[in-house]
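Grab your viewer and work through these exercises one at a time. Try each task before you read its solution.

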Amino acid sequence: MPENKIIHEGEINIAGIIIPCYVLEDGTRVLSGRGMQEALKMVDEEDKAKGTSGARLSRHLEQKSLQAFIYKDKELNHYEPIECYRGDQKVNGFEATILADICDAFLEARKEISLSPRQKIIAEQCEILIRGFARVGIIALIDEATGYQYERERFELQKILEAYISDEILKWQLTFTDKFYKEIFRLWGLPFIPKYIKNKPSFIGTLTTKYIYDQLPNGVLEKIKEKTPKSEKGNYKVRFHQSLTPEIGREHLRTQITEVTTLMAVSNSKKEFEKLFKRKYNKNAQLEFEFEK
């Protein structure tokens, strides 16, 4: 098993600059090396097209004119890259706060020495990033101090739902709780971030049918499919649970969702969850596929 295993991943957006980011098993926060290079404008479009941009960050850090600023109060190995692993796939990155150190160094150098044209571009980007850090940082501090950090994902999901689902459909869409989706994402190795919340992979629907709708009384799912209108392309126009009666059907559905969510929450893996599910419902819930990112 490789070291530096990635357990969470996502993207940060600072003033419109997107940088892939990761959290390792030991809690280390990591930024993509390539993402940092592009954010700092260390590469141009010609480099990207040629695929020669990979080592630009190291080259800029090694420039003699910048050494006094880059390594001020820093050890020589301070800027060592980190090899992280998403399964067997290697991802090259840097400890997250290094980006702030680089920005500080270039801004200090801009005040003290004459920079090359490319260095000036990088320094301008550093200023943009530093200002972005300040804004994001104060928001994060407030969120942590007030406890709102634990509510952000829930509200983000709500915003996405409101943007993509009408008010009438939204009422029943919320039958499937944030917790339900969050546990599925956790067990199936998908980060619970807006990118995936908004565009759920098709396997989420397969799991929902398998663990929720298939557990309703015999014949109910078939009747739901029969009653749910389809588009000209043959796709269902609304969610299945909108065809259930409020008093009995949806209450049964909510109960099923709660039970399955609880089983997922106490499971450490898909395999463990499937064993618990089979034990409770006396069925083999092992799906015949493995999700690949």
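**Exercise 1. In the hairpin of E2 and E3, which residue takes a positive phi, and how many residues are between the strands?**

Step 1: Find the turn; the E2–E3 hairpin has four residues between its strands. Strands here are DSSP runs (E, at least two residues) and helices are DSSP runs too (H or I, at least four residues), numbered from the N terminus.

Step 2: Check the backbone there, and you'll hit Gly-27 with a positive phi near 90°.

Step 3: Look at the pairing itself. E2 (residues 17–24) and E3 (residues 29–32) run antiparallel, with three bridges; two strands count as paired if DSSP finds at least two bridges between them. Within this pairing, Val-23 has Arg-29 as its bridge partner, and Tyr-22 sits opposite Val-30.

A word on the ground rules: this is a predicted model, where local features need pLDDT of at least 70 and side-chain atom pairs count only at pLDDT 80 or more, while totals for chains, interfaces and linings use all residues. Residues are numbered from 1 along each chain as its sequence is written, and side-chain values use heavy atoms, with hydrogens and water left out.

**Exercise 2. Work out the strand order of the five-stranded open sheet, and name its edge strands.**

Step 1: Take the hairpin of E1 and E2, which has two residues between the strands. Ala-15 in that turn has a positive phi of about 55°. E1 and E2 pair antiparallel over eight bridges, and Ile-14 stands opposite Ile-17 in E2.

Step 2: Cross to the other neighbour of E3. E3 and E5 are antiparallel partners over three bridges, and Val-30 has Glu-95 as its bridge partner in E5.

Step 3: Put the order together: E1-E2-E3-E5-E4, with antiparallel pairing. The edges are E1 (6–14) and E4 (82–86), each pairing on one side only.

Step 4: For the twist, neighbouring strands are turned by 45° against each other on average, direction ignored. Axes for this are lines fitted to C-alpha atoms (for helices over the stretch in contact), and angles run from 0 to 180 degrees between N-to-C directions.

**Exercise 3. How far apart are Thr-97 and Arg-29, in sequence and in space?**

Step 1: Locate Thr-97 in the loop between E5 (89–95) and H5.

Step 2: Compare the two separations: 68 residues in sequence, but 8.3 Å from C-alpha to C-alpha.

Step 3: Add the exposure. Thr-97 is partly exposed at 46% relative accessible area (buried means under 20%, exposed over 50%, partly exposed in between; 1.4 Å probe, protein chains only).

**Exercise 4. How many salt bridges does the structure hold, and which residues form a network of them?**

Step 1: Set the criterion: a side-chain nitrogen of Lys or Arg within 4 Å of a carboxyl oxygen of Asp or Glu. The total is seven.

Step 2: Start with Lys-90 and Glu-83, whose side chains meet at 3.6 Å, N to O. Lys-90 is partly exposed at 43%, and Glu-83 is partly exposed at 40%.

Step 3: Go on to Glu-127 and Arg-110, which meet at 2.9 Å, N to O. This pair links distant parts of the chain, with Glu-127 in H6 and Arg-110 in H5 (residues 98–112), 17 residues apart. Glu-127 is partly exposed at 25%, as is Arg-110 at 36%.

Step 4: Add Arg-131, and you have the network: Arg-110, Glu-127 and Arg-131.

Step 5: Finish with Glu-183 and Arg-186, whose closest N and O atoms are 2.8 Å apart. Both are in H9 (residues 178–187), three residues apart, about one turn of the helix. Glu-183 is buried at 6% relative accessible area, whereas Arg-186 is partly exposed at 40%.

**Exercise 5. Which residues of H11 are buried, and how are they arranged around the axis?**

Step 1: List the buried residues of H11 (residues 202–211): Phe-203, Ile-204, Leu-207, Thr-208 and Tyr-211.

Step 2: Look down the axis. The buried residues of H11 fall within an arc of 145°, so they line one face of the helix. The arc is taken from the directions from the helix axis to the C-beta atoms.
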